[in-house]
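Hi everyone, thanks for making time this morning. I'd like to walk you through one model, going from its charged pairs to its overall build. Please have a look at it while I talk.

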Amino acid sequence: MAETKSKSNARGAWSGQLGFILAAVGSAIGLGNIWRFPGVAYENGGGAFIVPYLCALLAIGLPILLLDYAIGHRFHGTPPLAFRRINKKAEFIGWWHVGVCFVIMTYYAVILAWSFRYIFFAVTNAWGDDPQKFFFTKFLETSSQTAVIGSPVWGVMIPLALMWVVVVGIIALGVQKGVERANKIFIPLLVIVFAALVVRALLLPGAMEGLNSFFTPDWSAIAKPKVWMAAFAQIFFSMSAGFGIMLTYASYLRRKSNLTGTALVAGFANSSFEILAGIGVFSALGFMAYQQGVQVSDLEGLSGISLAFITFPKIISMMPGGAFFGILFFVSLTLAGVTSLLSLVQVVSGAFADKFGWPVKRAAILLGSLAGVISLVLYGTTSGMGAVDTVDAFINSVGVVFATILMAVAVSWVWPKLKPLRDHLNVLSTVHVGRWWTWMIRLFIPLFLGIMLVLSIKDYLCEGYGEYPTWYVAAFGWGCVALCAVFAVVFPLVKWRDEESLEGEHDLSNVDWIKEAQK
């Protein structure tokens with residue numbers, strides 16, 4: 001037992017609940033909170049969207065988050081190790097999760113590089129009178145979006161390389177000295193900077209009209225299935241749950257940890273930040289509509305990359321003191337993105353450290369360098385925008401959804417573990433989880449996500465994606481999904497460095513530690 005504990009400690013651990021909560025919140029709060037949620041809410045009933053959104057939080061977001069926490073903490077490992085401890089045949093699920101995180105982190109970093117570069121563009125209003133032309137033509141130097149590999153764009157490659165150096169350096173320092181310490185700095189800073197941005201936006205002329213557009217409820221929208229689908233999709237994609245991140249973070253928690261309480265804090269903090277982002281974004285959009293003498297509904301580019309890098313630069317150019325506002329906005333984007341990227345890299349480097357017994361620093365440098373090279377070659381070029389767009393669509397709607405379905409079905413039906421996992425949550429936590437959680441994981445979530453997955457695959461097979469040619473969608477879209485499958489098939493075949501660490505105290509039949517925790 002002493003030997004097992006020493007190996008456990010070598011993996012690293014959070015210093016306490018606060019460090020874990022900040023890291024979990026940092027992972028959940030990312031680019032999608034700022035540029036995706038406001039647009040989704042606006043297009044799906046405004047204030048009325050909050051109803052299905054909160055239902056989605058309770059029905060999918062928190063149950064999946066709790067499942068991640070229970071598996072990661074109970075089996076004390078990154079996804080491959082945790083699922084291997086559930087059953088030898090289940091290891092492939094963990095490697096699918098790792099593959100998804102690897103794909104995401106390769107392109108997520110390039111968006112951070114764009115955001116970081118725009119901090120300096122905001123100072124001088126570098127985009128001039130045409131932010132769209134500046135973004136695509138002058139900054140990204142976009143030529144053919146369907147080239148496999150374009151020419152280098154040094155204005156992207158240099159900040160992209162810098163992002164990777166910073167993130168790999170933080171991961172190499174370990175869980176407590178690296179990830180935890182970074183989140184203790186970045187998350188409070190993000191809250192302060194974004195709060196200042198929201199206050200400034202609220203003071204702009206037309207801000208109230210923007211807020212009315214955002215919050216005015218269209219109650220008829222609640223009767224539309226697509227609105228509920230949009231709410232569930234937003235919660236699912238914004239909480240970093242279901243594809244290995246929260247499972248990995250929970251594996252570094254100390255044995256006596258309040259799991260359900262932490263999940264509630266992380267879940268509601270994520271949703272609160274999304275609503276705050278909506279207030280800030282639509283206050284600014286209200287100002288833009290006021291300046292142009294139009295309705296907010298007449299504006300274009302209300303979500304995604306267009307909102308961040310085209311619409312917001314237009315707003316910044318219109319307002320007095322726009323440079324300051326622009327700096328706040330792009331600093332917020334960068335900070336939110338860095339904390340999320342850290343969590344993605346931690347999953348991948350942690351999995352290889354568990355599997356091969358690599359030191360933390362070696363795993364971070366090797367895996368981070370590989371991902372960095374892929375980022376530079378595929379996304380730091382004149383064809384990078386098309387690759388980012390396609391890979392992001394497929395890995396989220398297919399790769400991430402399938403990862404969650406695999407996890408839920410595995411512990412519900414193939415290797416039933418829901419009852420002991422629920423007992424694990426309850427014995428450690430102040431807020432107990434009832435039988436409802438078991439049935440949500442066993443039936444509702446796999447069924448709902450299964451429908452989402454089938455509809456996405458059908459749409460991609462029948463309609464393709466965007467205006468990209470079939471070969472391009474196959475290479476970058478289905479190709480990234482195939483890469484996850486390669487992870488899932490190949491790495492379970494590789495022998496573990498320390499076979500003894502796979503068994504022992506992590507067997508659910510061993511309840512001695514539970515009795516100790518109850519004292």
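Let me start with a term: by a salt bridge I mean a side-chain nitrogen of Lys or Arg within 4 Å of a carboxyl oxygen of Asp or Glu. Please keep in mind that this is a predicted model. Searching the whole structure with that rule turns up three salt bridges. As a reminder of the background, side chains of opposite charge can pair when their charged atoms come close.

So let's take them one by one. E91 pairs with K355, and their closest N and O atoms are 2.7 Å apart. This pair ties together distant parts of the chain, since E91 belongs to helix 7 and K355 to helix 16, 264 residues apart. Are these two partners buried or exposed? E91 has a relative accessibility of 3%, so it counts as buried. K355 is buried too, with a relative accessible area of 0%.

Next comes E180, whose side chain meets that of K184 at 3.1 Å, N to O. Both sit in helix 10, residues 175-202, four residues apart, which is about one turn of the helix. Here the two ends have their own settings: E180 is buried at 2% relative accessibility, while K184 is partly exposed at 37%.

The remaining pair is D423 with K419, where the closest N and O atoms are 3.2 Å apart. You'll find both in helix 19, residues 418-428, again four residues apart, about one turn of the helix. D423 is partly exposed, with a relative accessible area of 33%, and K419 is exposed at 54%.

Now to the nonpolar interior. The largest nonpolar core holds 189 residues, and those with the most contacts inside it are I71, W114, F135, F309, F330 and L341. Which helix gives this core its largest share? That is helix 7, residues 91-124, with 22 residues.

Let me zoom in on I71. Setting aside residues up to four places away in sequence, I71 touches H76, A82, F83, I86, L247, M407, V411 and L421. Among those partners, A82, F83 and I86 are buried residues of helix 6.

That brings me to helix 6 itself, residues 79-86. How many of its residues are buried? Eight of its eight are. These buried residues pack against helix 5 (50-75), helix 7, helix 13 (245-251), helix 16 (322-356) and helix 18 (384-414).

Back on helix 7, have a look at T106, which is located there. T106 is buried, with a relative accessible area of 3%. Beyond its neighbours within four places in sequence, T106 is in contact with W164, A371, I374, S375 and Y379.

A quick word on backbone angles. Most residues other than glycine have a negative phi. H76, which we met as a partner of I71, has a positive phi of about 50 degrees although it is not a glycine. H76 is in the loop between helix 5 and helix 6, and at 15% relative accessibility it counts as buried. E141 also has a positive phi, of about 55 degrees, and is not a glycine either. E141 is placed in the loop between helix 8 (131-139) and helix 9 (154-172). Its relative accessible area is 38%, so E141 is partly exposed.

On the outside, there is a nonpolar surface patch of about 450 Å², made by V148, I149, V373, V377 and W471. One of these, V373, is found in helix 17, residues 360-379.

Let me finish with the whole chain. Its secondary structure comes to 22 helices and zero strands. The C-alpha atoms fill a box of roughly 70 × 50 × 45 Å along the principal axes. For 519 residues, a compact globule would have a radius of gyration near 24 Å, and the chain's 22 Å agrees with that. Of the 519 residues, 59% count as buried. Among contacts with a separation of 6 or more, 85% come from residues 24 or more positions apart. The chain exposes about 19800 Å², with carbon and sulfur atoms supplying 64% of it.

That's my tour, and I'm happy to go back to any part of it.

Key: Residues numbered from 1 in each chain as written. Predicted model: local features only at pLDDT ≥ 70, side-chain atom pairs only at ≥ 80, totals over all residues. Heavy atoms only, no water. Core = buried A, V, L, I, M, F, W, Y, C linked by side-chain atoms within 4.5 Å. Buried < 20%, exposed > 50% of the residue type's maximum accessible area, 1.4 Å probe, protein only. Helix = DSSP H or I, 4+ residues; strand = E, 2+ residues; numbered from the N terminus. Contact = heavy atoms within 4.5 Å. Patch = residues over 30% accessible without salt bridge, like charges linked within 9 Å, V, L, I, M, F, W, Y side chains within 5 Å. Areas by Shrake-Rupley, 256 points an atom, 1.4 Å probe, with all protein chains shown as cover. Rg over C-alpha atoms; globule rule 2.2 N^0.38 Å.
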